[in-house]
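Biologist: I am new to this structure and would love a guided close look at a single part of it. Please pick a buried spot and build the picture outward from there.

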Amino acid sequence: MDFRPTEQEEAFRQQVREFFDEEVPPEFLRELSAERLEERTLYDECIRRRANRGWLGIGWPREYGGMERSMTEQLLYYIEMYRRLPHRVINP
């Protein structure tokens, strides 16, 4: 069995990487990591940026505002997100 991502899945992974490069650049991450969680200004902005792109409901049906991405695409998204975002931003 071949578990390598398909071309479509790799294209999606690249799209996610580009999103994080553009919307959550290193300087934003430094500020986000230093922010007190009680303030949540940058934390909320990070979630808003992901929501604007539809990343919060990537596996949900389209009729509920989701993207209907496959399980593999969801996994690729979460791998890239965990690589980039500070742990406390993902699980406050």
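Modeller: Let's begin with Glu73, which, once its neighbours within four places in sequence are left aside, is in contact with Gln8, Glu9, Phe12 and Ile58; contact here means heavy atoms within 4.5 Å. This is a predicted model, in which local features need pLDDT of at least 70 and side-chain atom pairs count only at pLDDT 80 or more, while totals for chains, interfaces and linings use all residues. Residues are numbered from 1 along each chain as its sequence is written, and side-chain values use heavy atoms, with hydrogens and water left out.

Glu73 belongs to helix 4. With a relative accessibility of 5%, Glu73 counts as buried, a word used under 20% relative accessible area, with exposed meaning over 50% and partly exposed the range in between (1.4 Å probe, protein chains only). Helices are DSSP runs of H or I with at least four residues, strands are runs of E with at least two, and both are numbered from the N terminus.

Glu73 also takes part in the packing of helix 4 against helix 1. These two helices meet at an angle of about 30°, and their axes are 10 Å apart. The axes are lines fitted to C-alpha atoms, for helices over the stretch in contact, and the angles run from 0 to 180 degrees between N-to-C directions. Helix 1 is therefore roughly parallel to helix 4; that label covers angles under 35 degrees, while over 145 is roughly antiparallel, 65 to 115 roughly perpendicular and the rest oblique. Helix 1 and helix 4 cross in a right-handed way, which means that the near helix is turned clockwise from the far one by less than a right angle, anticlockwise being left-handed. On the helix 1 side, the residues making the contact include Gln8, Glu9, Phe12, Val16 and Phe20. From helix 4, Thr72, Leu76, Tyr77 and Met81 are among them.

Now follow Phe12, one of the contacts of Glu73. Phe12 and Trp55 form an edge-to-face aromatic pair, with 5.4 Å from centre to centre and 70° between the planes. Rings of Phe, Tyr and Trp (its six-membered ring) pair if their centres lie within 6.5 Å, and planes under 30 degrees apart are stacked, over 60 edge-to-face and the rest tilted. Phe12 sits in helix 1 (residues 7-23) and Trp55 in the loop between helix 3 (41-53) and helix 4 (71-84), so their pairing ties together parts that are 43 residues apart in sequence. Like Glu73, Phe12 and Trp55 are both buried.

The rings continue beyond this pair. Phe12, Phe19, Phe20, Trp55, Tyr77 and Tyr78 are linked by ring pairs into a cluster, and the whole structure holds six aromatic pairs. Tyr78 is a helix 4 residue; its relative accessible area is 34%, so Tyr78 is partly exposed.

Two members of that cluster, Phe19 and Phe20, also lead us to another helix, since they help make the contact between helix 1 and helix 3. Gln15 and Glu23 join them from helix 1, facing Arg49, Arg50 and Arg53 of helix 3. Here the packing angle is about 140° and the axes are 11 Å apart, so helix 1 and helix 3 are oblique to each other. Their crossing is right-handed. Arg49 has a ring partner too, lying over the face of Phe28 at 4.3 Å from the ring centre; a charge sits over a ring if NZ of Lys or CZ of Arg is within 6 Å of the ring centre and within 35 degrees of the ring normal.

The loop that holds Trp55 deserves one more stop. Gly66 is found in the loop between helix 3 and helix 4 and, at 10% relative accessibility, is buried. Apart from neighbours within four places in sequence, Gly66 touches Gly57, Trp60 and Pro61. Glu68 lies in the loop between helix 3 and helix 4 as well, but is partly exposed at 45%. Phi of Glu68 is near 55°, a positive value in a residue other than glycine. Most residues other than glycine have a negative phi.

Stepping back, the protein has five helices and zero strands, and 35% of its 92 residues count as buried.
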